[in-house]
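What follows is a short report on a single protein chain, written to be read beside its sequence and its three-dimensional view.

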Amino acid sequence: MRLFLTLVPLLPILIYAGVVLAQDDQDTMPYIQLSAFNAPLLEGWENQSSDDFAQFHDAEARATIRTALVEIGEPVAAAASDLRRAFGMEFGEPIYQNKVNLADGTWTVLIYEPDGVASASVMARRARSQAVVISFVESDPAARILMLTIAQSGDAREDAGSEIDLALSLLASNKAADLVEMTALSLPSGEWTGVVGDSTAAMGMVFGNDSYLAIGEGETENLPTLADAYNRTVLGFFVTPDNAGYLALALTASFAILALLILSFFWRSRNIQKDLELIESLNQAGG
């Protein structure tokens, strides 16, 4: 009992250490840690990150993947503001806009094509008074690469075929019927399936109740690499939790338990002293 009471104040520390060790053991993906959020570190990409955003560039594909926390709460306005700030150009109105409910909230999916070369695929969601913006921007004149997420319709399926067909009908010049060769790819982000044609390729991955898609026109050799990097970023990103309240609660509980332990020692000491006095008085009376 005495050992148990001695270890009780240490329980919050032991629990916290166990959680940290478990996370370290399970977390094998390299991350870049910023003050407000964490984003996967894209190995092989040029790291252009700062203290405020995570940004990676692939010079060969002329593609940039960027994650930022924007001081604007409305997702569409935040996306436009961050694209303007990061790339120095106006992207205009999106050619595609929709919403998708993921595990961490409702995201707005946006695609911009401000000119005949550049395109921007964006996912943005509100984070209290701010907005998280994850963007894929490419400016390769020989390729048109688009990324988007679409909620699966109907019963749960293991492939993204229906969503690929929908995305092609909305955003590509070639339709699904023109793409006949099926492919299967196992990438770090998951298991992908896709269709290819002479100058168009599309691929999709199912995660939860949603399909994560990539469409490429022109030179599409880099499509699997780009799709994998962008969707690892989307699925791996997380806002750094504010644990100050939990720390204060744990410290308060620890000190309260320690105070109770000290009071119990004092109370038991007084009882023992009274018992000793009683024994002494009984011995004197018996003598």
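The side chains of Glu217 and Arg144 come together in a salt bridge, with a nitrogen-to-oxygen distance of 2.6 Å. This pair connects distant parts of the chain, since Glu217 belongs to strand E14 (residues 210-218) and Arg144 to strand E10 (residues 143-151), with 73 residues separating the two. Glu217 counts as buried because its relative accessibility is 12%, and buried here means under 20%. As the model is predicted, these distances and areas are to be read as computed from its coordinates.

In all, the structure holds 7 salt bridges, and the table below sets out three of them with their distances.

| Salt bridge | Distance, N to O |
|---|---|
| Glu217 and Arg144 | 2.6 Å |
| Arg84 and Glu90 | 2.8 Å |
| Asp228 and Arg232 | 3.1 Å |

The surroundings of these pairs can be described residue by residue. In the bridge between Arg84 and Glu90, Arg84 is partly exposed, with 37% relative accessible area, while Glu90 is exposed at 53%. The bridge between Asp228 and Arg232 lies within one helix, for both residues are part of helix H5 (residues 223-236) and stand 4 residues apart, which is about one turn of the helix. Asp228 is buried, with a relative accessibility of 6%, and Arg232 is likewise counted as buried, with a relative accessible area of 18%. Elsewhere, Arg66, Asp82 and Arg85 are joined into one network by salt bridges that share partners.

Helix H5 also contains Tyr230, a residue whose relative accessible area of 2% places it among the buried ones. Which residues does Tyr230 contact, leaving aside its neighbours within four places in sequence? They are Ile65, Ser121, Val122, Met123, Ile134, Ser135, Phe136 and Met147. With Ile134 there is a further detail, in that a polar atom of the Tyr230 side chain lies 3.5 Å from the backbone oxygen of Ile134. Tyr230 can also be placed relative to Tyr212, from which it is separated by 18 residues in sequence and by 10.0 Å in space, C-alpha to C-alpha.

A different element of the fold is the hairpin formed by strands E12 and E13, which have 3 residues between them. Strand E12 (residues 190-196) and strand E13 (residues 200-207) pair in the antiparallel sense, and the pairing extends over 5 bridges. Within this pairing, Val196 stands opposite Ala201 in E13. As a general point for reading such strands, side chains in a regular strand alternate between the two faces of the sheet.

Taken over its full length, the chain has 6 helices and 15 strands. Of its 287 residues, 39% count as buried, and Glu217, at 12% relative accessibility, is one of the residues in that class. Among contacts between residues at least 6 apart in sequence, 51% join residues that are at least 24 apart. The chain exposes about 16300 Å², and carbon and sulfur atoms supply 57% of that area.

Technical notes
Residues numbered from 1 in each chain as written. Predicted model: local features only at pLDDT ≥ 70, side-chain atom pairs only at ≥ 80, totals over all residues. Heavy atoms only, no water. Buried < 20%, exposed > 50% of the residue type's maximum accessible area, 1.4 Å probe, protein only. Contact = heavy atoms within 4.5 Å. Areas by Shrake-Rupley, 256 points an atom, 1.4 Å probe, with all protein chains shown as cover. Salt bridge = Lys/Arg side-chain N within 4 Å of Asp/Glu carboxyl O. Polar contact = N/O pair within 3.5 Å; in protein donor to acceptor, adjacent residues only side chain to side chain. Pairing = 2+ DSSP bridges.
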